[in-house]
Amino acid sequence: IINDENEVVLSFKYGERPTEAIELETGDYLFKIVSGEVPGAAWEAPVYGATKPFKIVRNETTTISEIVCSLMQIKVSVSFANDLLERLGERTLTTVSVGENSLEYSLTESRAGFFLAPNANNNINLRINGTYAADKENFKIIEMNKEVRDVKAGQHSKIHFYIEHANEGNINVGVTIRDWVTDEIIP
């Protein structure tokens with residue numbers, strides 16, 4: 001429970017919450033609930049939470065209604081079309097960055113990355129570095145950058161790379177990005 005001066009006036013774990021009424025001074029407060037600390041970027045580390053403002057009035061009882069927690073981060077999954085995957089060198093990496101935080105996805109990475117959302121609207125920066133085989137013997141170095149704009153906390157960006165067009169050994173990699181809002185209710 002945070003007061004209007006942004007000071008924590010009461011903190012407890014959910015399993016250790018008070019069973020009796022909590023007495024607070026008259027004023028405006030914010031009830032904040034989180035499942036843990038939000039890391040800058042981490043594999044399979046979702047953090048859920050919510051905040052709810054409330055007011056304490058002298059000689060009145062205030063009840064906080066049900067609070068629904070949602071994902072507080074940006075979730076990012078990366079996949080590749082099979083025909084593209086067969087032509088990329090095994091050391092090819094996709095670096096995904098949100099703000100100052102990043103994770104490197106190998107071609108076989110199936111875990112989701114969870115990123116801190118420092119702003120209301122964030123950008124996901126994608127960078128592929130590696131090699132591409134135009135045929136079985138000729139590898140070319142590839143580097144591709146892409147930016148996904150206006151991503152919010154609670155969204156799951158599913159990023160899928162595929163061959164868009166290839167002729168004379170050149171490659172154009174297409175990117176499909178599907179954003180899903182993950183409002184999983186945690187009872």
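Trainee: What makes S6 and strand S9 (residues 113–116) count as a pair?

Mentor: Four bridges join S6 to S9, and the two run antiparallel. A pair needs at least two bridges between its strands, so S6 and S9 qualify with their four. One place to look is Lys75, whose bridge partner in S9 is Phe114. Keep in mind as we go that this is a predicted model.

Trainee: What makes S6 an enclosed strand?

Mentor: Count its buried residues. Six of the eight residues of S6 are buried, so the rest of the structure largely encloses this strand.

Trainee: How do you know whether Ser97 is buried or exposed?

Mentor: Take its relative accessible area, which is 18%. The cut-off for buried is under 20%, so Ser97 is buried. Ser97 lies in strand S7. Leaving out residues up to four places away in sequence, Ser97 touches Ser102, Asn123, Ile124 and Asn125.

Trainee: And Leu71, buried or exposed?

Mentor: Leu71 has a relative accessible area of 4%, and the limit for buried is under 20%, so Leu71 is buried too. You will find Leu71 in strand S5. Its C-alpha atom is separated by 4.5 Å from that of Tyr48, although the two are 23 residues apart along the chain.

Trainee: How many of the residues in the chain are buried?

Mentor: Buried residues make up 33% of the 187 in the chain.

Trainee: Back to S7, then. Which strands does S7 pair with?

Mentor: S7 and S8 pair in the antiparallel sense over five bridges. Strand S7 (residues 93–98) is also joined to strand S10 (residues 122–133) by six bridges, again antiparallel. Val98 shows both sides of the picture: it stands opposite Asn101 in S8 and opposite Ile124 in S10.

Trainee: What makes up the turn between S7 and S8?

Mentor: These strands form a hairpin with two residues between them. Gly99 in that turn has a positive phi of about 65°.

Trainee: Where does S10 lead from there?

Mentor: S10 is joined by 11 bridges to strand S11 (residues 139–151), and the two run antiparallel. You can step across through one residue: the partner of Leu93 in S10 is Asn129, and the partner of Asn129 in S11 is Glu143.

Trainee: Why are S1 and S5 said to stand at the edges?

Mentor: Begin with the sheet itself, which is open, has four strands in the order S1-S2-S4-S5, and pairs them antiparallel. Strand S1 (2–3) and strand S5 (70–71) each have a single partner strand, so one side of each is left without a neighbour in the sheet. Inside that order, strand S2 (residues 27–34) and strand S4 (residues 48–56) pair over eight bridges in the antiparallel sense. Leu30 stands opposite Pro53 in S4 there.

Trainee: What makes a group of residues a nonpolar core?

Mentor: Its members must be buried, of the nonpolar kinds, and joined through side-chain atoms within 4.5 Å. The largest such core here has 24 residues, and those with the most contacts inside it include Ile74, Val76, Phe80, Val96 and Phe115. Strand S6 (73–80), S7, strand S8 (101–105), S10, S11 and strand S12 (155–165) each give two or more residues to this core. Apart from it lies another core, of six residues, among them Tyr48, Cys69, Ala112 and Phe114.

Trainee: Which residues does Val96 touch?

Mentor: Among them are Val76, Val78, Leu103, Tyr105, Phe115, Ile124 and Leu126, with residues up to four places away in sequence not counted.

Trainee: What lines the largest pocket?

Mentor: Its lining has 41 residues, and Phe12, Tyr14, Phe31, Ile33 and Ile67 lie nearest the centre. S2 and S4 are the elements that give two or more residues to the lining, and S2 gives the most, with four. By class, 25 are nonpolar, eight polar and eight charged. About 1,500 Å³ of space lies in this pocket.

Trainee: How many helices and strands are in the chain?

Mentor: The chain has one helix and 13 strands. Its contacts reach far along the sequence as well: among those between residues at least 6 apart, 58% join residues at least 24 apart.

How values were computed:
Residues are numbered from 1 along each chain as its sequence is written. This is a predicted model: local features need pLDDT of at least 70, side-chain atom pairs count only at pLDDT 80 or more; totals for chains, interfaces and linings use all residues. Side-chain values use heavy atoms; hydrogens and water are left out. On a 1 Å grid over the protein atoms alone, a cavity is a set of points where a 1.4 Å probe fits but cannot get out, and a pocket is an open set with protein on both sides within 12 Å along at least five of seven lines; lining residues have an atom within 4 Å of a point. Grid points are joined across faces, edges and corners, and a volume is the space filled by probe spheres set on the points. Ala, Val, Leu, Ile, Met, Phe, Trp, Tyr, Cys and Pro count as nonpolar, Asp, Glu, Lys and Arg as charged, and the others, Gly among them, as polar. Buried means under 20% relative accessible area, exposed over 50%, partly exposed in between (1.4 Å probe, protein chains only). Contact means heavy atoms within 4.5 Å.
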